[in-house]
Amino acid sequence: MAKKKKKKRRIRPLALCVFFRGDKIFVAQGYDSHARGTFYRPIGGRIEFGERGRAAVVREFREEIKAEVTDLVYLGALENIFEYEGQPGHEIALIYKGRFADERFDDDAFTVRGLHKGEILYEAAWMPQELFRGASAPPLYPAGLLKLLEEADSRKAAATSLFSNLNE
């Protein structure tokens, strides 16, 4: 009897985009039936061979929710080792911030379903960042994302302060 070939585990390269509006971010809600828990994650997807992260963000938004994104700014990279549906995973995610080209997406009531080959992958909506703070907060993935967003905010505030001091 032939041995069953083991599937080789690989690190998955991702590009994800965070959209800010006031104190809210636009994120997808997911559910892990094995862990019996809800989690959240920015929309994006796999970076294809020869594709830059920025181009992957644009492509994924066009494919999954038929949306155009603009003003993409690279925030950093996060490594995420996790378990989903009882299976181990390993991702390296390039994180961008951006804006929706269509301002209808900026409405509080706007939700969207991400589709792939007719299957619903997730539902996304505007959520307050405060939801992801505290001991009982649902997870926001990739791990370390909230800290990265806070660091980006503080760098922006410091740069704005420096620029206004130079103009005095």
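**Group meeting: strands, rings and cores in a predicted model**

I will start at one edge of the fold, where strand E1 and strand E2, residues 24-32, run antiparallel and are joined by two bridges. Before going further I should say that this is a predicted model, and what follows should be heard with that in mind. Within the E1 and E2 pairing, Arg 21 has Lys 24 of E2 as its bridge partner, and the two strands form a hairpin with two residues between them, where Gly 22 in the turn takes a positive phi of about 60 degrees.

Strand E1 has other partners as well. With strand E4, residues 43-46, E1 runs antiparallel over four bridges, and there Ala 15 is matched with Gly 45. With strand E6, residues 87-100, E1, which covers residues 12-21, pairs in the parallel sense over eight bridges, and in that pairing Cys 17 stands opposite Tyr 96.

For orientation in the chain as a whole, there are two helices and eight strands, and read from the N terminus the order is β-β-β-β-α-β-β-β-β-α. The chain has 168 residues, of which 37% are buried, and if we take the contacts between residues at least 6 apart in sequence, 64% of them join residues at least 24 apart.

Let me turn to the aromatic side chains, of which the structure holds 13 pairs. Consider Phe 61 and Phe 100, whose ring centres are 6.3 Å apart and whose planes meet at 70 degrees, so that this pair is edge-to-face. These two residues come from distant parts of the chain, since Phe 61 is in helix H1, residues 53-65, while Phe 100 is in strand E6, and 39 residues separate them. Both Phe 61 and Phe 100 are buried. Phe 100 also pairs with Phe 105, and there the centres are 4.8 Å apart with the planes at 40 degrees, so that pair is tilted; Phe 105, like Phe 100, is buried.

Which residues do the ring pairs link into a cluster? They are Phe 19, Phe 26, Phe 61, Phe 100, Phe 105, Phe 110 and Trp 126. Arg 21, which we met at the hairpin as the partner of Lys 24, has its charged end over the ring of Trp 126, at 4.5 Å from the ring centre.

Several of these names return when we look at the largest nonpolar core, which has 22 residues, and in which Phe 19, Phe 26, Ile 43, Val 57, Phe 61, Ile 65 and Phe 100 touch the most other members. The elements that contribute two or more residues to this core are E1, E2, H1, strand E5 (69-84), E6 and strand E8 (119-128), and H1 gives the most, with four residues. To take one member in detail, and leaving aside neighbours within four places in sequence, Phe 19 is in contact with Lys 24, Ile 25, Phe 26, Phe 61, Val 69, Gly 98, Arg 99, Phe 100 and Trp 126. There is also a second, separate core of 19 residues, which includes Leu 78, Ala 125, Leu 148 and Ala 152.

Now to a charged residue. Is Glu 51, in the loop between E4 and H1, buried or exposed? Its relative accessibility is 18%, and because buried means under 20%, Glu 51 counts as buried. A polar atom of the Glu 51 side chain lies 2.9 Å from the backbone nitrogen of Glu 48, and, not counting residues up to four places away in sequence, Glu 51 touches Arg 46, Ala 56 and Arg 59.

I will finish with some backbone details that may be worth a look on the screen. Tyr 141 and Pro 142 are joined by a cis peptide bond, with omega about 0 degrees, and Pro 142 has its place in the loop between E8 and helix H2 (145-166). Lys 66, in the loop between H1 and E5, has a phi near 55 degrees, a positive value in a residue other than glycine, and Lys 66 is exposed, with a relative accessible area of 68%. Asp 71, which is found in strand E5, likewise has a positive phi, near 50 degrees, and is again a residue other than glycine; at 47% relative accessibility, Asp 71 counts as partly exposed.

Definitions and conventions. Residues numbered from 1 in each chain as written. Predicted model: local features only at pLDDT ≥ 70, side-chain atom pairs only at ≥ 80, totals over all residues. Heavy atoms only, no water. Pairing = 2+ DSSP bridges. Phe/Tyr/Trp six-rings, centres within 6.5 Å; stacked < 30°, edge-to-face > 60°. Buried < 20%, exposed > 50% of the residue type's maximum accessible area, 1.4 Å probe, protein only. Lys NZ or Arg CZ within 6 Å of the ring centre and 35° of its normal. Core = buried A, V, L, I, M, F, W, Y, C linked by side-chain atoms within 4.5 Å. Contact = heavy atoms within 4.5 Å. Polar contact = N/O pair within 3.5 Å; in protein donor to acceptor, adjacent residues only side chain to side chain.
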